Amino acid sequence: MNETQKAVVTVIGKDMVGILSSVSAAVADAGANVLEMTQSILDGYFCLIMILDITEADKTIEELREIIGGRVPDMVVHVMHENIFDAMHRI
């Protein structure tokens, strides 16, 4: 049995209609699955964090970032493997 591979996605920028829909569609198109997500709007800025299961994804992390970024070109998009995210946040 394969261990679940996860990625962390952040999307930040000026709020507009359709951001969540566009990002979710991009994730689905890449063969990834949203495990958890939170979003908020702070002073007109849309902020989204997603945890994805990328075990069955047919795209690389970089390809996933490019796909999401192409769907929401005015947003700042980061995608990183959970191992890198965890390593960056260790004390």
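Alanine 32 is buried in this predicted model. Its relative accessible area is 10%, which falls under the 20% limit for a buried residue. Alanine 32 sits in a loop, between α1 (19-29) and β2 (33-42). Beyond its neighbours within four places in sequence, alanine 32 is in contact with Val27, Leu52, Asp53, Ile54 and Ala57. Valine 11 lies 21 residues away from alanine 32 along the chain. The C-alpha atoms of these two residues are separated by 16 Å.

A second loop residue contrasts with alanine 32 in its exposure. Aspartate 43 lies between β2 and β3 (45-53). Aspartate 43 counts as exposed because its relative accessibility is 75%, and the cut-off for exposed is over 50%. The backbone of aspartate 43 also stands out. Most residues other than glycine have a negative phi. Aspartate 43 is not a glycine, yet its phi is positive, at about 50°.

Valine 11 reappears in the nonpolar core. The largest such core holds 20 residues. Val11, Val23, Leu52, Ile68 and Val72 touch the most other members. Five elements, β1, α1, β3, α2 (61-71) and β4, each give two or more residues to this core. Valine 23 shows how some of these members meet. Leaving aside neighbours within four places in sequence, valine 23 is in contact with Val11, Leu48, Met50, Ile68 and Val72. Leu52, one of the core residues that touch the most other members, is also among the contacts of alanine 32. In soluble globular proteins, nonpolar side chains tend to be buried together.

Strand β4 spans residues 76-81 and has two faces. Val77, Val79 and His81 form the covered face. Val76, His78 and Met80 form the uncovered one. Strand β4 pairs with β1 (residues 6-14) in the antiparallel sense, over 6 bridges. Within this part of the structure, valine 8 stands opposite methionine 80 of β4.

Histidine 81 belongs to strand β4 and to its covered face. Histidine 81 counts as buried because its relative accessible area is 16%, under the 20% limit. The side chain of histidine 81 makes a polar contact of 2.6 Å with the side chain of glutamine 5. Outside its neighbours within four places in sequence, histidine 81 is in contact with Gln5, Lys6, Ala7, Ile54 and Ile61. Ile54 is in contact with histidine 81 and also with alanine 32.

Methods
Residues are numbered from 1 along each chain as its sequence is written. This is a predicted model: local features need pLDDT of at least 70, side-chain atom pairs count only at pLDDT 80 or more; totals for chains, interfaces and linings use all residues. Side-chain values use heavy atoms; hydrogens and water are left out. Helices (H or I, at least four residues) and strands (E, at least two) are DSSP runs, numbered from the N terminus. Buried means under 20% relative accessible area, exposed over 50%, partly exposed in between (1.4 Å probe, protein chains only). Contact means heavy atoms within 4.5 Å. Two strands pair if DSSP finds at least two bridges between them. A polar contact is a pair of N or O atoms within 3.5 Å; within protein, one must be able to donate a hydrogen and the other to accept it, and residues adjacent in sequence count only if both atoms are side-chain atoms. A nonpolar core is a set of buried Ala, Val, Leu, Ile, Met, Phe, Trp, Tyr and Cys residues joined through side-chain atoms within 4.5 Å.
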